[in-house]
Amino acid sequence: MRDIDLTEGSIASHFNTLAVPAALGMLFSTLYNVVDVYFAGQISTQAQAGLAIGFQAFFITMSVGFGLGSAMSALVGNARGKKDDDAARKLASQGIGFGIIAVVLLMIGAVFAGPSVIALVSEPGEYRDAATTYFLWLILALPGFLLAYGANGILQAHGDTVSMQRAMMVAFLANIGLNPLLIYGIPGIIPGMGLSGIAVATILSQTGVMIWILYQVLGRRIMEGFQLSWLKPNLASYREITEQMLPTTTAIMVMFVSGFVVQFALKGFGAEAIAAYGVALRVEQILLLPVLGMTGALLPIAAQNYGAEQFDRVREALFFCWKLGFVMTFAAFPILWFASPYVVALFNDDPEVVRIGVSYLRIDGFIFPIYMMLFAINSFLQALKRPVWTLWISVYRQGFGVAFFIWVYVGLVGMDVWGVWIGIATAVATGWIIALVVTKRIADQKIGGLTS
């Protein structure tokens, strides 16, 4: 079992150790989704648009899983930096129990609220029906997603990003086989399920990921002698987890709600615009993977060193992350600008879908470096146990900013889909300025400033 002390050794070496497996894991996670988008496109453009909306609705519930994972990485990472195994054990166990309770409540809420949310951002017809059916099936995958991501935060706190990488590699390969099997079926043996088959494939493969990740967590030194009684809710621990998780969860939820705002703005331009947005997001995610792996690695590195009160190493980690991130994002620009027509066409060769998808990716190329800095700031603030600021930055950028600037460019100026994309870019750029001011202030308070 990997168990790395991130308070010693080279910061650059730790980034390499953590970021590369994390990025590979995210690559296979994104390719997993790309496979779904591809097969949905083979069914129809309406099915592809339905998948985009249904998946967006589902991921609102998954904000709890992402928040729990970040909370576990920060809290358990801080405890390990202090060499307090008892505290790390208690927090890890309570985090798993917390996740189980959250799954039950979210599944119940999703059944009742999901179809209504989908109806808000779609027009009546085939693609709304497809989105609703896909979403209702996907609810059964929620335990696999939420518990896997929550427990993975415990592994990250130990310097282990390899376990999730391996799990996602296997899930990706399984998805390639399960998707066509469940979509089209086997004549006389297995009936084809259409778009619902994509959801069932996700349920099966993601449940396997959850089992593997929990097995890895229970194999950690701090979890030796594990007993079910450790999962009994402790109000003090739940409060601590909630305080660390809630800002991140809410920020991610705002991000996905922002996606619905974009889809609401796009629905007036037809199903082709929504399908193009779904395809373009997948392309964007693939190119952001190295950045996400690197900025994700910053969290456990900064958390352990903050717990150990090695503030110079915390600062070093942040600036190393930014410097490497600029190299990565500048390298992605030519791909977004020149190769985007060919990449979008791989998923949907409808000329209108390609045209709209390319317009999004070309605007996206200019704000890639800003995304990188924002992701790093989120990890930095989480590690310093000040995640509430990630919420306020997100509320402005992805809540108010996206809606306001899209309204300005589309509603007032009268632009077409380019107004939606430029509105997103304006919100990101102004949110970045606010984030820099906040980061300097928190660094002054917690680690004596961004520079020693």
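Reader: At 10% relative accessibility, does Arg315 count as buried or exposed?

Author: A word first: this is a predicted model, where local features need pLDDT of at least 70, side-chain atom pairs count only at pLDDT 80 or more, and totals for chains, interfaces and linings use all residues. Residues are numbered from 1 along each chain as its sequence is written, and side-chain values use heavy atoms, with hydrogens and water left out. The scale runs from buried (under 20% relative accessible area) through partly exposed to exposed (over 50%), with a 1.4 Å probe and protein chains only. At 10% relative accessibility, Arg315 counts as buried.

Reader: Thanks! Which residue meets Arg315 in a salt bridge?

Author: A salt bridge here is a side-chain nitrogen of Lys or Arg within 4 Å of a carboxyl oxygen of Asp or Glu. The partner of Arg315 also lies in helix H11 (residues 311-347), 3 residues away, about one turn of the helix; helices are DSSP runs of H or I with at least four residues, numbered from the N terminus. At 2.4 Å from N to O, the side chain that Arg315 meets is that of Asp312.

Reader: How many residues apart in sequence are the parts tied together by Asp85 and Arg221?

Author: These two form a salt bridge, their closest N and O atoms being 2.3 Å apart. Asp85 belongs to helix H4 (residues 85-120), while Arg221 sits in the loop between helix H8 (195-218) and helix H9 (235-266), so the separation of the parts in sequence is 136 residues.

Reader: Where does the kink in H12 lie?

Author: Helix H12 covers residues 351-383 and reaches 45 Å from its first C-alpha to its last, close to the 48 Å expected (1.5 Å times one less than its number of residues). A bend is the angle between axes fitted to the seven residues ending at a position and the seven starting there. In H12 the kink is about 55° and comes shortly before the proline Pro369, at Phe366.

Reader: Why is H12 described as largely enclosed by the rest of the structure?

Author: H12 has 33 residues, though some of them are not buried: Glu352, for one, is partly exposed at 33%. Still, H12 is largely enclosed because the buried count, out of 33, is 27.

Reader: Which residue forms a salt bridge with Glu352?

Author: The partner, like Glu352, lies in H12, and the two are 3 residues apart, about one turn of the helix. With the closest N and O atoms 2.7 Å apart, the partner of Glu352 is Arg355.
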